[in-house]
Amino acid sequence: MAPHGQGTDAILEPTVAQVEKHPISSILIIIAMQTEALPVVNKFRLTENPHSLFPKGVPWVHYHGSYKEITINLVWPGKDLTFGVDNVGTISASLLTYASIQALQPDLIINAGTAGGFKVFDLYGVGLRQVFSTPNLLKELNLKIGKLSTGDSLDMSPQDEASVTANDATIKDMEGAAVAYVAELLKVPAIFIKAVTDIVDGEKPTTEEFLQNLASVTAALDQSVTRVIDFISGKCLSEL
């Protein structure tokens, strides 16, 4: 008889080491905006799932397909049912991440999207949520690593800017922290790929620069996501 609290489920549950040595077979890509998502959907020839995985009434969209030996699921939160704009921000991101993990049980999450960059920042930082470490991926693909801050507004209040600067952040998005929180809560490793559309503390108005650069930056994002998935193919988490 198994000791109290150590039944069959506990015995069969894989260890962290076992999970990290298992080849990655399922990736969940979370993208906030349709403009960001469609190049990736087209690149990997993903198809929209006509049978929603999600609660009735939500506008969330699910694309799926396979690439090499990996099953790719891409989700984006769709358009707001009242205003018709993309459902950006932390609330949509956290709800969609939670529901997608429950429905799809991915080996790895990739949160891809655009972000704003900073031209000035201080040299100190305080407690940040750690994402999955990928030293081999960074070295092989020569990608830059930075601290990501997240807020629900495209522009920043003086209080937001002070907090971002105090934490030594180099880019700002509207979803990353929410995805990281849910991924950590449900113990799914997550990595983040961000392409910079605008300089948040630069001379140009944020919205103007964001819209001006969005098309070219999403093309660069598409290329980076493809390179990352090519690198991941056939590898285990411990090899990233």
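Strands β3 and β4 (residues 70-76) pair in the antiparallel sense over seven bridges, pairing here being called when DSSP finds at least two bridges between two strands. Helices (H or I, at least four residues) and strands (E, at least two) are DSSP runs, numbered from the N terminus. The model is a predicted one, so to speak read with cut-offs: local features need pLDDT of at least 70, side-chain atom pairs count only at pLDDT 80 or more, and totals for chains, interfaces and linings use all residues. Residues are numbered from 1 along each chain as its sequence is written, and side-chain values use heavy atoms, with hydrogens and water left out.

Two residues sit between β3 and β4 in what is a hairpin, and K68 in the turn has a positive phi of about 55°. On its other pairing, β3 (residues 61-67) runs antiparallel to β2 (residues 47-48), joined by two bridges. H64 ties the picture together: its bridge partner in β2 is T47, while in β4 it stands opposite N73.

Now for the packing. The largest nonpolar core (buried Ala, Val, Leu, Ile, Met, Phe, Trp, Tyr and Cys residues joined through side-chain atoms within 4.5 Å; buried means under 20% relative accessible area with a 1.4 Å probe, protein chains only) has 33 residues, and I29, L74, I110, V225, I229 and I232 have the most contacts inside it. β3 and β4 are among the elements that each supply at least two residues, but α8 (206-232) gives the most, with seven. Leaving aside neighbours within four places in sequence, V225 is in contact (heavy atoms within 4.5 Å) with I29, V40, F44, A112 and I193. Apart from this core lies another, of 17 residues, including I30, F54, I101 and V182.

Methods. Buried < 20%, exposed > 50% of the residue type's maximum accessible area, 1.4 Å probe, protein only.
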